[in-house]
Amino acid sequence: MPRLQDKIALVTGSAHGIGLATAQLMAAEGAHVYITDVDGAGAEKAAAELVSKGFKASSMVVDVSRGQDVTALVRSIEQQHKKLDVVVNNAGINVRTDFRNMSDADWVKLREVNLDGMIRIARDAFPLMKASGKASLINLASIMGHRGMRTLAAYGATKGAISALTRGLAVEYAPFGIRVNALAPGFIETALTERVLRIEAFSKALIDQTPLRRFGTSEDVANAVLFFASDESSFITGAELAIDGGMQAAL
Ligand SMILES: NC(=O)c1ccc[n+]([C@@H]2O[C@H](COP(=O)([O-])OP(=O)(O)OC[C@H]3O[C@@H](n4cnc5c(N)ncnc54)[C@H](O)[C@@H]3O)[C@@H](O)[C@H]2O)c1
């Protein structure tokens, strides 16, 4: 039997990249997937492709940094399904600049999506996750929440906060049957990393630091999301899984 049969799943930022691969995998495993993104046309296209294959999917324009968008999303799922079994807090951005030159506007933008957005989804979707009786919330943290790299200090600060949020919520939400876990990807080939991974010397240095000697794919991350979403991880909460080819383990 498919691992997410009859489950209702929400993935933020799922028109592209890791979110899209995750939504596609969860739909193939039987879930009704809500594909939501600030890129409404991309979300609609992704959902239409899944529906054309016989899977269950809906799309909605949701900018997670806008409270009213999240409220409308939660209301829509409540009206249609009355519960949420899986929530993947995935939408994230990076503003790549030397820390000392970062403007207030850049920092606010980063924080509003990567931190405020995830906090808002985790809070506002609570009643629907509680109604599931057995829900799983999965947050996309990052290796950068634990390791330092030039131009990634502010991004890393938002991601380190997500790791902390995951542990705290795991404790607070457990009595309601909601598990909360995080994933900490290393370098995954998506639009987010495309520009820097094209720099040959940088790219080679990263591969040299990665014991498995390659970058990750969106599917590598999606497979781990599926594990946390399914009953196979039913005794795991408050955990964070590195998906980085061994990069964090290496000296
Ligand atoms: N790619 C990596 O190497 C990597 C590593 C560690 C963590 N992550 C995290 O994984 C998540 C997904 O990253 P990705 O690599 O797939 O990025 P991506 O840029 O390929 O995709 C991000 C998606 O989020 C959407 N988005 C951006 N701002 C949004 C907003 N305000 N509201 C809703 N949607 C929004 C984008 O339109 C896009 O579809 C992010 O949280 C990122 O920080 C990625």
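Here is a short talk between a visitor and a guide about how to read a few features of this predicted model.

Visitor: Let's start with the ligand. How many residues surround the ligand, and which are the closest?

Guide: There are 29 residues around the ligand, and the closest are G13, G17, I18, G92 and T190. The elements that give two or more residues to that shell are α1 (17–28), α4 (104–124) and α7 (191–197).

Visitor: How do the residues of that shell divide into nonpolar, polar and charged?

Guide: The shell has 14 nonpolar residues, twelve polar ones and three charged ones.

Visitor: α1 is on that list. What does its length tell me?

Guide: You can set the span of a helix against what is expected at 1.5 Å a residue. With twelve residues, α1 reaches 17 Å from its first C-alpha to its last, close to the expected 16 Å.

Visitor: Is α1 mostly covered or mostly exposed?

Guide: Mostly covered: eleven of the twelve residues in α1 are buried. Among them are G17 and I18, both of which we just met as two of the closest residues to the ligand. M26 is another buried residue of α1. Just after the helix comes G30, with a positive phi near 100°.

Visitor: What should I know about nonpolar residues in the interior?

Guide: In soluble globular proteins, nonpolar side chains tend to be buried together. Here the largest nonpolar core has 69 residues, and those touching the most other members are A9, M26, V33, I35, A125, L183 and V225.

Visitor: Which residues does M26 touch, beyond those up to four places away in sequence?

Guide: M26 touches L4, A9, A31, V33, V86, L226 and A229. Two of these, A9 and V33, are also on the list of residues that touch the most other core members.

Visitor: Now a single residue in a strand. Why does L10 count as buried?

Guide: You count neighbours, and 20 or more C-beta atoms within 10 Å make a residue buried. L10 has 31 such neighbours inside 10 Å, so L10 counts as buried. L10 sits in strand β1 (residues 8–12). Setting aside neighbours within four places in sequence, L10 is in contact with Y34, T36, I77, L84, V87, V88 and A125. As for I143, it is 133 residues from L10 in sequence and 24 Å away in space, C-alpha to C-alpha.

Visitor: How do I read the strands next to one another? In which sense do β1 and β4 run?

Guide: β1 and β4 run parallel, joined by three bridges. A9 stands opposite V86 in β4. β4 also pairs with strand β5 (residues 135–140), again in the parallel sense, over four bridges. There, V87 stands opposite L137 in β5.

Visitor: Which way do the residues of β4 point?

Guide: From strand β4 (residues 86–89), V86 and V88 point one way, while V87 and N89 point the other way. Residues on both sides are buried.

Visitor: One last thing: what about the sign of phi?

Guide: Most residues other than glycine have a negative phi. K82, which is not a glycine, has a positive phi of about 65°. K82 lies in the loop between α3 (67–80) and β4, and K82 counts as exposed because it has 12 C-beta neighbours inside 10 Å. T151 is not a glycine either, and its phi is positive at about 75°. T151 lies in the loop between β5 and α6 (153–173). With 15 C-beta neighbours inside 10 Å, T151 counts as partly exposed.

Notes
Residues numbered from 1 in each chain as written. Predicted model: local features only at pLDDT ≥ 70, side-chain atom pairs only at ≥ 80, totals over all residues. Near = placed C-beta within 6 Å. Nonpolar A, V, L, I, M, F, W, Y, C, P; charged D, E, K, R; others polar. Core = buried A, V, L, I, M, F, W, Y, C linked by C-beta atoms within 7 Å. Contact = placed C-beta atoms within 7 Å. Expected span 1.5 Å × (residues − 1). Pairing = 2+ DSSP bridges.
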